[in-house]
Amino acid sequence: MSTRRITVIPGDGIGPSIIESAVAILDKAGCNFEYDYAQAGLCALEEEGNLLPERTLELIEQNGITLKGPLTTPVGTGFTSINVSLRKQFDLYGNVRPVRSFKGTKARYEDIDIITVRENTEGMYSGVGQKRSECGDSAEAMSVITREGATRIVKFAYELARREGRKKVTAVHKANIMKSTSGLFLEVAREVAKQYPDIESEEMIVDACCMNLVMYPERFDVIVTTNLFGDILSDLCAGLVGGLGMAPGANIGERAAIFEAVHGSAPDIAGKNIANPTSVILASIQMLEYLGMEDKAKAILDAVKDVIATGDRTTRDLGGSAGTDEFTQAILERL
Ligand SMILES: NC(=O)c1ccc[n+]([C@@H]2O[C@H](COP(=O)([O-])OP(=O)(O)OC[C@H]3O[C@@H](n4cnc5c(N)ncnc54)[C@H](O)[C@@H]3O)[C@@H](O)[C@H]2O)c1
């Protein structure tokens with residue numbers, strides 16, 4: 001089997017330890033990757049004087065595939081979020097955030113299997129026109145939705161649904177109030193839906209969607225929505241299956257893809273060997289599926305499911321008492 005080079009960004013806080021778990025598991029599963037390690041975030045700022053060093057950008061571009069730990073963006077003026085910068089720089093327009101129920105977690109529901117497809121480059125997070133008035137008493141920001149941006153993300157969601165044998169796509173919007181931006185998104189979603197008669201199409205206002213996700217999560221399959229709504233809804237979905245420790249995310253563009261955990265660098269638990277590495281392990285499973293390595297993806301997923309279901313060597317957030325190391329070791333043994 002030929003080797004494939006992957007860029008790995010351990011990141012900040014709990015990042016290095018959960019990335020170490022994921023890489024050990026990829027190796028044990030026989031994925032045959034070679035890794036180019038690169039820095040970004042607070043650690044890069046401290047060691048290289050730059051949150052996003054040029055070499056890191058080059059490696060992301062060169063290898064095309066990146067596995068990334070969470071990054072800390074220093075609070076204060078002058079620093080834009082590194083994650084937002086990366087998504088913009090590489091035009092990673094498709095943010096795929098799947099959640100599924102795992103037996104053995106203390107989640108409120110069983111049998112949840114929802115994928116949120118979030119537009120990653122436009123909307124309220126495009127950062128356009130952010131300003132405060134001189135007196136500081138008013139503030140404004142601009143939300144930009146384009147027909148091109150909306151079309152490519154809605155098509156992306158339907159293509160994903162078709163590829164994965166999904167039944168339904170729900171377009172989530174607020175077109176009744178935000179008539180220009182959400183209105184354009186909904187108009188495009190309706191046009192694209194006509195091209196996919198094999199898949200059921202549904203539309204839902206974002207507030208109603210939140211209520212329905214909490215009350216009837218089993219009714220959802222694939223959700224497609226704009227940037228801000230997708231960010232919030234996907235965390236809600238993570239809450240349905242046991243929290244942020246169980247939520248991976250893929251950022252997909254034409255020339256690069258970055259796979260990561262949805263959660264942040266968790267500075268409150270960094271260095272304590274208690275972080276749950278599952279999110280980043282699930283992100284590496286997304287990466288394997290993206291690379292067409294479904295057999296490896298399934299082997300790792302089965303091992304993770306098995307360890308969590310057994311419950312005796314899981315991390316605290318999953319109700320166990322094992323450390324990151326021991327939980328990882330349990331998965332390695334299953335593999
Ligand atoms: N993708 C990213 O790189 C990303 C995403 C979100 C936040 N951040 C950054 O992370 C930093 C911390 O943000 P925050 O505290 O708001 O959110 P966070 O997600 O880091 O932590 C929220 C809570 O969840 C817990 N938690 C998170 N991941 C966990 C895991 N794997 N196992 C067990 N518990 C876990 C933390 O201990 C904390 O109590 C900030 O600098 C923020 O900008 C980065």
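Ile 60 is found in helix α3, which covers residues 54-63. Helices here are DSSP runs of H or I with at least four residues, strands are runs of E with at least two, and both are numbered from the N terminus. The model is predicted: local features need pLDDT of at least 70, side-chain atom pairs count only at pLDDT 80 or more, and totals for chains, interfaces and linings use all residues. Residues are numbered from 1 along each chain as its sequence is written, and side-chain values use heavy atoms, with hydrogens and water left out.

**Ile 60 and its surroundings**

Ile 60 counts as buried because its relative accessibility is 0%. Buried means under 20% relative accessible area, exposed means over 50%, and partly exposed lies in between (1.4 Å probe, protein chains only). Leaving aside residues up to four places away in sequence, Ile 60 touches Thr 7, Ile 9, Thr 66, Leu 86, Phe 90, Ala 256 and Ile 258. A contact means heavy atoms within 4.5 Å. From Ile 60 to Gly 183 the C-alpha distance is 35 Å, with their positions 123 residues apart in sequence.

**The protein as a whole**

The protein has 11 helices and 12 strands. Its C-alpha trace spans about 55 × 45 × 40 Å along the principal axes. A compact globule of 335 residues would have a radius of gyration near 20 Å, and the protein agrees with this because its own value is 20 Å. That radius is taken over C-alpha atoms, and the globule rule is 2.2 Å times the number of residues to the power 0.38.

Of the 335 residues, 53% count as buried. Among contacts with a separation of 6 or more, 72% are between residues 24 or more positions apart. The protein exposes about 15100 Å², and carbon and sulfur atoms supply 49% of that area. Accessible areas come from the Shrake-Rupley method with a 1.4 Å probe, and for residues only the protein chains shown count as cover.

The protein has 36 positive and 47 negative charges, and their mean positions are 4 Å apart. Lys and Arg count as positive and Asp and Glu as negative, while His and the chain ends are not counted. The place of a charge is NZ of Lys, CZ of Arg, CG of Asp or CD of Glu.

**Cysteines**

A search of the whole structure finds zero disulfides. Cys 209 is in no disulfide, and the nearest cysteine sulfur, that of Cys 210, is 6.0 Å away. A disulfide is a pair of cysteine sulfur atoms within 2.5 Å, so the 6.0 Å from the sulfur of Cys 210 to that of Cys 209 is too far for a bond. Cys 209 counts as buried at 0% relative accessibility, whereas Cys 210 counts as partly exposed at 24%.

**Residues in loops**

Thr 226 lies in the loop between β10 (222-225) and α8 (227-240). Thr 226 is buried, since its relative accessible area is 11%. Not counting residues up to four places away in sequence, Thr 226 touches Arg 118, Glu 119, Ile 145 and Phe 185.

Ala 175 is placed in the loop between β8 (168-173) and α6 (181-193). With a relative accessibility of 15%, Ala 175 counts as buried. Ala 175 touches Ser 182, Gly 183 and Leu 186, again without residues up to four places away in sequence. Ala 175 and Arg 132 are 43 residues apart in sequence, and their C-alpha atoms are 27 Å apart.

Two further loop residues have a positive phi, as the table shows. Most residues other than glycine have a negative phi.

| Residue | Phi | Loop | Relative accessibility |
|---|---|---|---|
| Asp 111 | about 60° | between β4 (94-100) and β5 (113-119) | 67%, exposed |
| Ala 266 | near 40° | between β12 (257-261) and α9 (278-290) | 21%, partly exposed |

**A pair far apart along the chain**

Ala 24 is in helix α1, residues 15-28. Ala 24 counts as partly exposed, with a relative accessibility of 29%. The C-alpha atoms of Ala 24 and Gln 329 are separated by 9.3 Å, although the two residues are 305 residues apart along the chain.
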